Structures are given as structure tokens and as C-alpha cells.
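Subject: Structure for you to look at

Hi,

Here is the structure I promised to pass on. Please open it and read the notes below alongside it.

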Amino acid sequence: MVLKLYNTRTRKKEEFQPLDPKNVRMYVCGPTVYDNAHIGNARPVIVFDVLYRLLRHVYGAEHVKYVRNITDVDDKINARAAEQGVSIRDLTDRTLKQFQADAAALGCLPPDVEPRATDHIEEMKTMIETLVAKGCAYVAEDHVLFHVAAMPDYGQLARRSLDEMQAGARVEVAPYKRDPMDFVLWKPSKEGEPGWASPCGIGAPGRPGWHIECSAMAEKHLGKTFDIHGGGIDLVFPHHENEVAQSRCAHDTEIMANVWMHNGFLQVEGQKMSKSLGNFVTIGNLLRDWPGQVVRLNMLRTHYHQPMDWTVNALKESELILRRWRSEGVSYEDWLNAEDGFGDPIGMPDGDGYGGGTADQDFFPALLDDLNTPLAIAMIHQMESENRLHALHVLGLAEEFSDPRRKKVDAATVEQSIALRLAARKAKNWAEADRIRDKLVAMGIALMDAKNPQTGEIETTWEIAR
Ligand code: AMP
Ligand code: ZN
């Protein structure tokens, strides 16, 4: 069984080999908690949850550690708290709670650790002092800056030279910087902003830069080097490049993380999400109209590496797919409780590659091939219902979920539709019968057809689908 992952660091799809198979470690950059998360933010949350589940499956749940941080100190947070007239802690607590509720509603397991930046200020200060002592960073006008020239292969992850970076980036040119690309590790706090006693003998209180947060929290919870570091593609430069620079210089290591993974960007109905277009889709709003598992399935129908267009049409298709799967399936509890009635679940393959097998045999190889969720989902379509449930469980799609629209189901309307469908079937108008069935499925209704042994007639019962 071989897991292959596309590694941004090497620009290659490679066989994944954990540093220690008994302790597989993954860090993913989490949200800055100043506003409710949008559907773009949900992409890394869902994608890396699938990877987390897969790693747990392959290495054993107790051998995988997943850390996703919370950035709760940031200029945007300060500005938003001032705007709303609330304390920073109130704003970040409330936003964090909402984020965790959103992630749970999208079927995501909580990470093993969700460290908050403000709980790791001491670790950041220690790291900053180490960097200064090593000559990789310097103090200037109450700031501490990382000196990029101290690291000859700075730009290696993003594959850009210093010259290109200077030409391309809108870097803040400050008179106290030795080099325009030097970036902030620590900066002074203005009046009314959160501040802590500064490192490196700086008298004025200050606060950390964004990049040092992740380096310090990753070291604290995963060690000086670890297996996988993830986030959205927008984070490669400068955030991840700077994390690498800080951690490698502080720890004298060749790598920070072995594998760097980045999800592609998501846009909505063909457009970039932006305040001015008014097309921000928050997870909370989406969950008012769609079950969380429909949102999750819809996300996984595009390969994580590809750019994605989020559309209502695709959501409708995802809902139909999920309803079909569920109305044909058995409950997960039934599956677990069955002694051997459901046979062998999807076999974990020994070999490499896929193709030529059955849908059941090809499901895992698809996932193991750089998380090819669209292909894995295509396999689910062809599976026996018992195995399908196991596959859905692996993707986090098997659990019970609440449907915000369920209350709207009117039994009389459902029964009328069922009668019309049976009449259409009798008249051999299969297209019409299927149309009615699809309509009911989209409403969250599962239909069960059975022959009445006495009359020989098909009778249909219904229930609200899980
Ligand atoms: P932020 O709170 O902006 O730091 O973003 C949190 C995570 O969401 C990061 O991993 C970002 O790369 C990711 N992200 C933000 N916007 C999008 C988007 N439109 N599509 C995909 N990922 C995104
Ligand atoms: Zn980060």
C-alpha cells in the first residue's frame, strides 16, 4: 500500500515515507479569527480532514498527530474589534467557536491540537532570540526582522530568486530594513493594541509577526522537523517560505516539513470572492440552505490541487448523488454490528496503482494516489451498498447530519407524488417516473419499492433519508 502525495517542495508526486510511522505529523495553517469563515477557507479544512482520515486509516489513529493553529493576534482582528466595540478576546473567542461549529457541520474531525497563537508568545520569543543569536535576525527600531540574506536558499519553496521576489512583491519598504525582503518577527504594539513584553532587550511592548507563530507552534507540538505541512496555495509565498526560513535557521535543519501540500483556490460562480462583488459565501450561510455533507461531497468532487468553481448547480448534483447513495444503503451502525453479514469491506490493497479491479478494489488506490477524491467518488457510484457505506465513512460522508430543510416536508405532497410516479411506471413512462423520483430524492425523501406478494403489484413506502 503506497500513499503518493504531490510535494510543492520538490514539485513532484512522491511516495510518502513518514519520518516515524508510529508518529506521523501534520501541520495545517488555520484561520485568522476576525470574521466568519467562507467557503474558500473550508477547502483546506475539508481536504486536510480527508488526508487526516486516510493517514489514520493507513498508520492507525493513535499514530497520527494533526495540528491546525488559530491565528488570534493580527491587525485585522484589532481593526474589527475596534469597529464592533468589543474586546479582542470576545471577538476571537466568538469567531473561533463559530469556526469549530462550521468545521464539525462539514463532517471534519477536530485536529489533535488547535493551538492559539496568543498561548505561545513565550515560544515565539525564544525562537526570535535564537534567530538573533545566530545572526539570522536583527533588532531595528523596536522591531525584530529576519534577514533573508542570511539564508542562501531563501526562495527555495516558492522557487523564486531574491530579485524576482523584490520585483514581484509589494514589500513594505521601511528605512530600518537592511534588505527590502526582510520580514517582521516582532513589532511594537501601538496604544490600545494587544502587547507583550518584548524579546531581545527591546523596552517597548510588542507582538509577533504572523509567520513566526506557525514556526513556534509547529515546533512545540510536532518537533523541529515533521512530515506534512499544508494550507492554501496562496500561502506558499511569503508565509510558508518564511516559516521554512525561520524554522530551518533556528534549528539548523535541512527541512522544516518533508512534504508541503497546497490546495487550489476556489471561486464562486466563476468569480473571485470579494467584498466589492458582494459574493462572499460564508459556511454559516451555506449551511442554512444545504446539509453539511452535501457541501463536503461537493468540495471533494474536484481534486484538491485544481482550482475550483463553487456553483449552486454543482451543489444540486452533489445532493442528488448523496441522496441516491443513502437511500440505497444500510446504516453505518448496522454495518458495524453485523458479525459477518456484510462480508469483507473494501480491501486495502497491497499493490501499487489501480485499474483493472472492481470499484471496491479501486477506491483506496484512488485516494492513495494524491487524494484523488473525484476518482474515488466515481468508484463509489459502482459499489455494492454495503461497501459503499464503508467508503463513505472513510471520506467522512457516512455520519448522520442535520438537514435544515427537513421540516418543510409535507407528507400529503410526498404521497401524491408517489401515486403519480406509480401511475407513470404502469404506463411505462419511465422518464416521468424517474423525474418524480429525482424530485423526491432532492427533497430528502428515500423511496423503497417492493412487490406485494399477494397482489403482485409494486408498492412504494417512503421515509426521510439520512
Ligand atoms: P486565512 O484565514 O485567510 O488565513 O485563510 C485560512 C486558510 O484558507 C488558508 O489555508 C488559505 O490558503 C485558505 N483560503 C482562503 N481563501 C481561499 C480560497 N478562496 N480558496 C481556497 N483556499 C482559501
Ligand atoms: Zn502558517
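First, a term for the metal site: donors are N, O and S atoms within 2.8 Å of the metal. Also keep in mind that this is a predicted model.

**Zinc site**

The donors of the zinc ion (ligand 2) are spaced C-x184-C-x24-H-x3-E along the chain. C214 and E243 sit in two helices, α6 (residues 210–222) and α7 (residues 236–251), so this pair ties together parts that are 29 residues apart in sequence. The coordinating atoms are SG of C29, SG of C214, NE2 of H239 and OE of E243. Their distances run from 2.0 to 2.4 Å.

What is the geometry of the site of the zinc ion (ligand 2), with angles of 77 to 130° among its 4 donor atoms? The site is irregular. The cut-off explains this: four donors count as tetrahedral if all angles lie between 85 and 135 degrees. The lower end of the range here is 77°.

Two of the donor residues have accessibility values worth quoting. C214 is buried, at a relative accessible area of 0%. E243 is also buried, at 0% relative accessibility.

Two further points concern these helices. P238 is found in helix α7. The peptide bond that joins F237 and P238 is cis, with omega at about 5°. Please check that bond by eye.

M217 belongs to helix α6. M217 is buried, with a relative accessible area of 0%. Its partner to look at is E114: the two are 103 residues apart in sequence, yet 9.7 Å apart in space, C-alpha to C-alpha.

**Ligand 1**

There are 15 residues around ligand 1. T32, G40, G232, D234 and L266 come nearest.

Three side chains place an N or O atom by the ligand. For D234, the distance to an oxygen atom of ligand 1 is 2.4 Å. For N41, an oxygen atom of ligand 1 is 3.3 Å away. For N263, the ligand atom is a nitrogen, at 3.4 Å.

How much of ligand 1 does the protein bury? Taken alone, ligand 1 exposes 490 Å², and the protein buries 86% of that.

Which elements give two or more residues to the shell around ligand 1? They are α1 (39–59) and β9 (226–232). The largest share comes from α1, with 3 residues. By type, the shell divides into 6 nonpolar, 8 polar and 1 charged.

**Positive phi**

Two residues other than glycine have positive phi. R159 has phi near 55°. R159 lies in the loop between β6 (143–146) and α5 (162–168). At 48% relative accessibility, R159 is partly exposed.

L371 has a positive phi of about 55° and is not a glycine. L371 lies in the loop between α12 (359–368) and α13 (373–381). Is L371 buried or exposed? L371 is buried, at 2% relative accessibility.

**Other contacts and pairs**

Q293 is in helix α9 (residues 292–300). Q293 is buried, with a relative accessible area of 3%. A polar atom of the Q293 side chain lies 3.0 Å from the backbone oxygen of G396.

R421 is in helix α15 (residues 411–426). R421 is buried, with a relative accessible area of 3%. The C-alpha atoms of R421 and E432 are separated by 7.3 Å, and the two residues are 11 apart along the chain.

V2 is in the segment before β1 (4–7). At 22% relative accessibility, V2 counts as partly exposed. The cut-off matters here, because buried means under 20% relative accessible area. V2 and P365 are 363 residues apart along the chain, and their C-alpha atoms are separated by 8.2 Å.

**Where to start**

Please begin with the zinc ion (ligand 2) and its donors C29, C214, H239 and E243. Then go to ligand 1 and the 2.4 Å pair with the side chain of D234. After that, turn to the cis bond between F237 and P238. The loop residues R159 and L371 can come last.

Best wishes

Notes
Residues numbered from 1 in each chain as written. Chains lettered and ligands numbered in written order. Predicted model: local features only at pLDDT ≥ 70, side-chain atom pairs only at ≥ 80, totals over all residues. Heavy atoms only, no water. Donors = N, O, S within 2.8 Å, 3.2 Å for Na, K, Ca; no water. Tetrahedral: all angles 85-135°; square planar, octahedral: opposite > 155°, others 65-115°. Helix = DSSP H or I, 4+ residues; strand = E, 2+ residues; numbered from the N terminus. Buried < 20%, exposed > 50% of the residue type's maximum accessible area, 1.4 Å probe, protein only. Near = heavy atom within 4 Å. Polar contact = N/O pair within 3.5 Å; in protein donor to acceptor, adjacent residues only side chain to side chain. Areas by Shrake-Rupley, 256 points an atom, 1.4 Å probe, with all protein chains shown as cover. Nonpolar A, V, L, I, M, F, W, Y, C, P; charged D, E, K, R; others polar.
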